[in-house]
Amino acid sequence: MAKQNGQGSYRGTGGELHQTNTDSQAHLTTNQGVSVSDDQNTLTVGPSGPQLLEDHVMREKITHFDHERIPERVVHARGYGAHGYFEPYKSHAKLTKAAFLQDPKERTPVFVRFSTVAGSAGSPDTARDVRGFAVKFYTSEGNYDLVGNNIPVFFIQDAIKFPDLIHSVKPAPDRDFPQAQSAHDTFWDFVGLTPESMHMLMWVMSDRAIPRSFRMMEGFGIHTFRMINKQGDSTFVKFHWRPKLGTYSLMWDEAVKIAGADPDFHRRDLWNAIESGDYPEWELSVQAFTAEQAEEFGYDVLDPTKLVPEEEVPLTPLGRMVLDRNVENFFAETEQVAFCPSHVVPGIDFSNDPLLQGRLFSYLDTQLSRLGSPNFHQIPINAPKNSAQNFQRDGHMQMGVPAGRVANEPNSLDDGSPRENPKEGFASYQAEEAGSKQRIRPESFADHYTQARLFYHSMTTPEQKHIVGGLAFELGKCKETKVHTRMLGHLRHIDKDLSIEVAEALGMKGQADKIKPAVEPFDMKPSPALSQYAKAPDSIAGKKIGLLTTHGVESKLYNALLKAAKEESAQVEVIAPTIGPMETSSGKEIEPDHFLSGAPSALFDAVVIAPADESLAAMPDAVNWLRDAYAHLKVIGYNGNTEQLFRKAGIEQGADEGVLDVAGGQFDALVAAAKKHRVWGREP
Ligand code: HDE
């Protein structure tokens, strides 16, 4: 039996590995600032006796821990944020009086949060889903939140349908699965009964829903907004973010494999890029048009299921945004940041888009339950950088100490108290509105297929194939026949061949429901700007080349690869059968970034396989690595020690323009091929 009264006890610290406070270090304290003498042991009566309720140190620590979580966002729960700045290229005074868009010398701090929509906070980054693209501008006139997505249209036209849409895509309430997936009956049943979602579905089934990186993703404000200039003129605008690196996506099979190998693929990518000083950058543009122009478009610009083709209204570049600082604390910043589309500044205003109008209510409301207090604007990440001053007082977690006896306006008791600013304060655009109260959609919102068809017909052949594959995968996961046949019926109005190809993939040819459209769709002129690959830059900047190799890798080849990648602002990561340090043929030590069985080739944009001998051929992981790289249409470089490996993988060396001999360090052809992103001709 253990001895009582301190005899036979020890400090329970981890022995010699544990370091206690030195004179130069800060002291650990309780939240009341009281210095803590022992953070290893709860207060007990003797070494084996009962614990004492009076142990305020232990109780404070555990109580805080018990309350560490707050409700996750009801949508967009999984996200990742970073700080940066925005600078306009020139003054845009003609369009808007917003201060942050006037002076090219003035940088406005920003905080950006990227997210998926359906999954919970712990779900994998690479799920097929829409991505949130929310930007908070801390302007000199207060905070402006541009809360957008990476897809320029939305599933529904009226906010009253949002809870239904989200309930349909989230895990079923009885069984709580599937997680972070739209591939299930409730979602496809709902969208099949909601034809206005057809355009968005084309985007979500396309490569756009599996981005390669947050850094390689476009962003859109979706709704039509207004910009107001000093003279009070209003111009309609649609916001676009375009990444400097180009817009790229994963293959579906890659996304699935990455979800297992690295569920944090997108956040890790953003974090690493910023940590290494490779700051991601986007250009902010608007499509600007007048109300009179909008009358001529043939679709309603207030309908969030419609876009304005860039060929019809080109982009006007406004400025650039650079993300150059990771957060210091994920919870304090990324989790507590509160975006609200209603946070606008003078010079930016709303339109009557019914989805936008609903959002203007929802976001402020949701912050109250998520962050728990109307004082959420006082949390540092949400606080405006100019000062907020008004007579709002009290409430949970009031952090300030507002002085004085006056908390009302008007008042004549405190000359120093804040007053309205009729000249420069926010004033809504005085749009003329009239009409009877009713619950009804405008007739001009009724065409649900024309722009879905526009999108499909604007894709390159590989992009179209991926849409067919996406639809077949998702519908193939549904069990209800009526869900299949209804969707096949909708697809016929988008494109007959598309419907037939999906039906063939499901083994359901000729089973499409007859659906009568509310309005007959028509053919718009295809918009090449909608294709990611048609406008991809000729570059591999920001991308990753995986070098699979072994101890003794030829140093000439290794150095040539590093040089070629550096010249193109790309990165090389070394994958080896073991993770311990190894050497090149000239004796230089290299520490592999990954070990083979933990890093499938799906994690890289292009690969080089250059071992020192044929030993990789005996490793099933290496054979799969090569097979996957080939199946994912990657450019593959190889050296002379890979003949057996290729034979085992069933791939011919030099099989196509993307399987290239790089022995001796010849990387020109490999770099040129990798600039095309993938070897599209290889796709079956
Ligand atoms: Fe959101 N959305 N949303 N949404 N949304 C939220 O607000 C909502 C919509 C978007 O990183 C919530 O703070 C309604 C469109 C992003 O913190 C909530 C409707 C677009 C984010 C909410 C929509 C978005 C949200 C949940 C239909 C693109 C993440 C947590 C009318 C233009 C922001 C929160 C972040 C988050 C409501 C539709 C973008 C519940 C009612 C369209 C990027 O308020």
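Two strands are taken to pair if DSSP finds at least two bridges between them. In this predicted model, strand E8 and strand E9 (residues 316–326) satisfy that criterion, pairing in the antiparallel sense over six bridges. Within this pairing, Glu283 has Arg320 of E9 as its bridge partner. E8, which spans residues 281–289, is also joined to strand E7 (residues 234–243), here by eight bridges and again with the strands running antiparallel. In that pairing Val237 stands opposite Ala288 of E8.

The division of the protein chain gives a frame for what follows. Domain 1 covers 26–68, domain 2 is assembled from the segments 79–151, 211–292 and 314–378, and domain 3 covers 544–682. Between the C-alpha centres of domain 2 and domain 3 the distance is 36 Å. Contact between these two domains involves eight residues of domain 2 and nine residues of domain 3. On the side of domain 2 that touches domain 3, four residues are nonpolar, four are charged and none is polar.

A second arrangement of strands is an open sheet of six, with the order E15-E12-E11-E16-E17-E18 and parallel pairing. Strand E15 (594–595) and strand E18 (659–661) form the edges, each pairing on one side only. Three bridges connect the parallel strands E16 (residues 606–609) and E17 (residues 636–638), and Tyr638 in E17 is the bridge partner of Ile609. Helix H14 (residues 555–567) packs on the sheet, where it touches strand E11 (544–548), strand E12 (571–576) and E16. The direction of H14 makes about 145° with that of E12.

Helix packing can be followed through helix H12 (residues 481–494), which packs with helix H13 (residues 496–506) at an angle of about 150°, the axes being 6 Å apart. Because angles over 145 degrees count as roughly antiparallel, H12 and H13 are therefore assigned to that class. On the H12 side, the contact is made by His484, Leu488, Leu491, Arg492 and Ile494. H13 contributes Lys496, Leu498, Ser499, Val502, Ala503 and Leu506. Seven of the residues in this contact are nonpolar, two are polar and two are charged.

H12 also meets helix H3 (residues 185–192), and the axes of these two helices come within 9 Å and cross at roughly 40°. That angle makes H3 oblique to H12. The crossing of H3 past H12 is left-handed. Here Asp185, Trp188, Asp189 and Gly192 of H3 meet Val483, Arg486, Met487 and His490 of H12. The contact of H3 with H12 is made up of three nonpolar, two polar and three charged residues.

Some details of backbone geometry remain. Most residues other than glycine have a negative phi, and most peptide bonds are trans. Against that background, the peptide bond from Phe177 to Pro178 is cis, with omega near 0°. Pro178 lies in the loop between helix H2 (162–169) and H3. The peptide bond from Glu409 to Pro410 is likewise cis, with omega near 5°, and Pro410 is placed in the loop between helix H9 (354–370) and helix H10 (450–457). His76, a residue other than glycine, has a positive phi, near 60°. The position of His76 is in the loop between helix H1 (56–66) and strand E1 (79–88).

Notes
Residues numbered from 1 in each chain as written. Predicted model: local features only at pLDDT ≥ 70, side-chain atom pairs only at ≥ 80, totals over all residues. Axes fitted to C-alpha atoms, helices over the stretch in contact; angles between N-to-C directions. Helix = DSSP H or I, 4+ residues; strand = E, 2+ residues; numbered from the N terminus. Parallel < 35°, antiparallel > 145°, perpendicular 65-115°, else oblique. Contact = placed C-beta atoms within 7 Å. Nonpolar A, V, L, I, M, F, W, Y, C, P; charged D, E, K, R; others polar. Domains from an automatic or database assignment. Left-handed = near helix turned anticlockwise from the far one by under 90°.
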